[in-house]
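Student: I've got a model open and would like to talk it through with you. Can we go piece by piece?

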Amino acid sequence: MINKNEAANRSESDSSAITARLLDFTKIEQVLNEVARKTVQEHARAGRKIPVWRDGQVVWILPEIEDDGEK
C-alpha cells in the first residue's frame, strides 16, 4: 500500500519530469514540424487537399509528394 507521502513524492517527480520536457522548446518544435510534414505527405499520397493561408484568406491546395525514402 502506498502512503500519502509516497504518493505526493511520486506526483511531484512526475510533474517535474513533465515540466522539464515542456521546457525543451526546440524538441517540441522539431516534433510538431515532423508531425505536420508527415500529415501533409499523407494527404498528398491520398490525393487530398490541405488548407493554407495566403494573402489573407484560406486557399485549398494539393500538396506535392516528397521523396523522403520511407516505404
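Tutor: Sure. One definition before we start: the expected span of a helix is 1.5 Å times one less than its number of residues. Keep in mind too that this is a predicted model.

Student: Then what span does H2 reach from its first C-alpha to its last?

Tutor: H2 covers residues 25-46, which gives it 22 residues. At 1.5 Å a residue you'd expect 32 Å, and the helix comes close to that. From first C-alpha to last, H2 reaches 32 Å.

Student: Which residue just after H2 takes a positive phi?

Tutor: Look at the spot where the helix has just finished. The phi there is about 75°. The residue is Gly47.

Student: Is Gln41 buried or exposed?

Tutor: Gln41 sits in helix H2, and it touches Glu64, Ile65 and Glu66, leaving aside residues up to four places away in sequence. Its relative accessible area is 3%. The cut-off for buried is under 20%, so Gln41 counts as buried.

Student: How far apart, N to O, are Arg37 and Glu34 in their salt bridge?

Tutor: Both residues lie in helix H2, three residues apart, or about one turn of the helix. An α-helix has 3.6 residues a turn, so residues three or four places apart point the same way. Arg37 is partly exposed at 22% relative accessibility, and Glu34 is partly exposed at 32%. Their side chains meet with an N to O distance of 2.9 Å.

Student: How many residues apart in sequence are the parts tied together by Glu66 and Arg37?

Tutor: The side chains of Glu66 and Arg37 meet in a salt bridge, 3.6 Å from N to O. Glu66 lies in the segment after E2 while Arg37 is in helix H2, so the pair ties together parts that are 29 residues apart.

Student: What is the closest N and O distance between Glu42 and Arg48, and which residues do shared salt-bridge partners join into one network?

Tutor: The structure holds four salt bridges, and one of them links Glu42 with Arg48. Glu42 is partly exposed at 47% relative accessibility, as is Arg48 at 36%, and their closest N and O atoms are 3.6 Å apart. The network made by shared partners joins Glu34, Arg37, Lys38 and Glu66.

Student: Moving to the strands, which residue in E2 is the bridge partner of Arg54?

Tutor: Strand E1 (residues 50-54) and E2 run antiparallel, with five bridges joining them. They form a hairpin with two residues between them, and Asp55 in the turn has a positive phi of about 50°. Across from Arg54, the partner in E2 is Gln57.

Student: Is Trp60 buried or exposed?

Tutor: Trp60 lies in strand E2, which covers residues 57-61. Its relative accessibility is 53%. Exposed means over 50%, so Trp60 counts as exposed.

Student: And what accessible area does the nonpolar patch have?

Tutor: Trp60 belongs to a nonpolar patch on the surface. Trp53 and Val58 are the other members. Together, the three have an accessible area of about 420 Å².

Definitions and conventions:
Residues numbered from 1 in each chain as written. Predicted model: local features only at pLDDT ≥ 70, side-chain atom pairs only at ≥ 80, totals over all residues. Heavy atoms only, no water. Patch = residues over 30% accessible without salt bridge, like charges linked within 9 Å, V, L, I, M, F, W, Y side chains within 5 Å. Areas by Shrake-Rupley, 256 points an atom, 1.4 Å probe, with all protein chains shown as cover. Helix = DSSP H or I, 4+ residues; strand = E, 2+ residues; numbered from the N terminus. Buried < 20%, exposed > 50% of the residue type's maximum accessible area, 1.4 Å probe, protein only. Pairing = 2+ DSSP bridges. Contact = heavy atoms within 4.5 Å.
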